[in-house]
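The following exercises concern the sequence and model shown below. Each task is followed by a solution that proceeds step by step.

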Amino acid sequence: MDIELGEAFIAELKAAAGASVRAVVVTGTGSSFSAGVDLFRLIKDGPAYGERFLPVLDTMLRDALTFPKPLIAAVNGHAIAGGCILAATCDRRIMADGNGRIGVPELVVGVPFPALPLQIMAARMPDAACRDLVLTGRTVHVDEAIALGLIDEKCAADTLLERAIAVANQFAAVPAGAFAMTKEAFTTPVLDRTARLADLNARVVNAWMQPHTYDTIRTYLERTVGRK
């Protein structure tokens with residue numbers, strides 16, 4: 001996830017909201033749904049880039065959460081950090097059976113959670129399960145993700161998109177106005193809780209801009225995936 005992807009995603013959802021599109025399926029390619037924020041780009045371009053990127057990420061997640069039509073996640077592989085949160089914005093989350101892992105290792109990376117992503121996660125799982133995933137930063141396979149409530153169902157990788165489209169069509173059969181208003185009733189409390197955390201979120205954003213945070217991210221990358 002970077003500024004360009006975020007802006008493109010925002011534009012696509014805006015177009016889909018205003019067109020004859022009845023539902024949207026979000027998926028990835030290869031072995032990953034999304035590995036989350038491009039930390040290498042963040043390190044390379046520094047705080048000035050981070051200051052531009054975070055509002056785009058917030059808008060991207062907010063627009064996905066509040067998209068008035070059915071939004072289905074076809075999680076084809078790893079969904080890590082921002083990738084997990086993007087999946088969590090969706091109305092139905094279907095994950096391919098296999099070795100893919102899902103979770104939110106932000107604290108392991110060394111960055112605090114912005115308010116909206118944290119509230120999205122909290123809306124998808126029981127409190128104890130959410131706290132465990134967030135505070136430990138561990139990632140899980142699909143069966144545990146289903147048990148936690150983070151994923152709704154699994155299917156074979158070669159039928160994932162077919163299943164996601166079938167679910168999208170099922171949801172799209174509901175009258176659009178009724179679906180949109182009911183979805184709004186689910187999402188409004190998430191946004192209200194996020195708004196009440198505005199002061200804390202400002203501190204979180206400030207923390208993302210600090211040199212020591214970038215040092216921590218750099219150390220994490222060198223330890224886990226090597227230099228790039």
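## Exercise 1: A residue of helix α11

Task. Locate D215 and classify its accessibility.

Solution. D215 is placed in helix α11, which spans residues 211–224. The model is a predicted one. The relative accessibility of D215 is 42%. Buried residues lie under 20% and exposed ones over 50%, so D215 counts as partly exposed. As a further step, consider G110: 105 residues separate it from D215 in sequence, while their C-alpha atoms are 9.3 Å apart in space.

## Exercise 2: The pairing of α1 and α2

Task. Determine how the axes of α1 and α2 are oriented, and identify the residues that make the contact.

Solution. Step one concerns the geometry. Helix α1 covers residues 3–17 and helix α2 covers residues 39–66; their axes come within 8 Å and cross at roughly 15°. Angles under 35 degrees count as roughly parallel, and α1 and α2 are therefore roughly parallel to each other. Their crossing is left-handed.

Step two concerns the residues. On the side of α1, the contact is made by I3, E4, G6, E7, F9, I10 and L13. On the side of α2, R41, Y49, R52, F53, V56, T59, M60, D63 and A64 take part. Sorted by class, the contact of α1 with α2 holds nine nonpolar, two polar and five charged residues.

## Exercise 3: Two residues of α1

Task. For F9 and L13, state whether each is buried or exposed, and list the contacts beyond four places in sequence.

Solution. F9 lies in helix α1. Its relative accessibility is 15%, so F9 counts as buried. Outside its neighbours within four places in sequence, F9 is in contact with V26, M60, A64 and L86. The C-alpha atoms of F9 and P47, 38 residues apart along the chain, are separated by 23 Å.

L13 is also found in helix α1. With a relative accessible area of 6%, L13 is buried. Residues up to four places away in sequence aside, L13 touches D63, A64, F67 and L71. Between the C-alpha atoms of L13 and A156 there are 27 Å, with their positions 143 residues apart along the chain.

## Exercise 4: Two further partners of α2

Task. Describe how α2 packs against α5 and against α9.

Solution. Begin with α5, residues 115–124. The axes of α2 and α5 come within 10 Å and cross at roughly 30°, which makes α2 roughly parallel to α5. This crossing is left-handed. The contact is formed by D58, L61, R62 and L65 of α2 together with L116, P117, I120 and R124 of α5. Its residues divide into five nonpolar, no polar and three charged.

Continue with α9, residues 176–196. The axes of α2 and α9 come within 9 Å and cross at roughly 150°. Angles over 145 degrees count as roughly antiparallel, and α2 is therefore roughly antiparallel to α9. R62, A64, L65 and T66 in α2 meet K183, T187, V190, L191 and T194 in α9. By class, the contact of α2 with α9 comprises four nonpolar, three polar and two charged residues.

## Exercise 5: An arginine in β5

Task. Establish the surroundings of R93.

Solution. First, R93 lies in strand β5, residues 92–96. Second, R93 has a relative accessible area of 5% and is buried. Third, the side chain of R93 reaches the backbone oxygen of C90 at 2.9 Å. Finally, not counting residues up to four places away in sequence, R93 touches A73, A87, A88, R124, G149, L150, I151, D152 and E153.

## Exercise 6: Two loop residues

Task. Which phi value does A81 have, and is P175 buried or exposed?

Solution. A81 lies in the loop between β4 (78–80) and α3 (82–88). Most residues other than glycine have a negative phi. A81, although not a glycine, has a positive phi of about 55°. The relative accessible area of A81 is 13%, so A81 is buried.

P175 is found in the loop between α8 (160–172) and α9. With a relative accessible area of 57%, P175 is exposed. The C-alpha atoms of P175 and L86, 89 residues apart along the chain, are separated by 25 Å.

How values were computed. Residues are numbered from 1 along each chain as its sequence is written. This is a predicted model: local features need pLDDT of at least 70, side-chain atom pairs count only at pLDDT 80 or more; totals for chains, interfaces and linings use all residues. Side-chain values use heavy atoms; hydrogens and water are left out. Axes are lines fitted to C-alpha atoms, for helices over the stretch in contact, and angles run from 0 to 180 degrees between N-to-C directions. Helices (H or I, at least four residues) and strands (E, at least two) are DSSP runs, numbered from the N terminus. Angles under 35 degrees count as roughly parallel, over 145 as roughly antiparallel, 65 to 115 as roughly perpendicular and the rest as oblique. A crossing is left-handed if the near helix is turned anticlockwise from the far one by less than a right angle, and right-handed if clockwise. Contact means heavy atoms within 4.5 Å. Ala, Val, Leu, Ile, Met, Phe, Trp, Tyr, Cys and Pro count as nonpolar, Asp, Glu, Lys and Arg as charged, and the others, Gly among them, as polar. Buried means under 20% relative accessible area, exposed over 50%, partly exposed in between (1.4 Å probe, protein chains only). A polar contact is a pair of N or O atoms within 3.5 Å; within protein, one must be able to donate a hydrogen and the other to accept it, and residues adjacent in sequence count only if both atoms are side-chain atoms.
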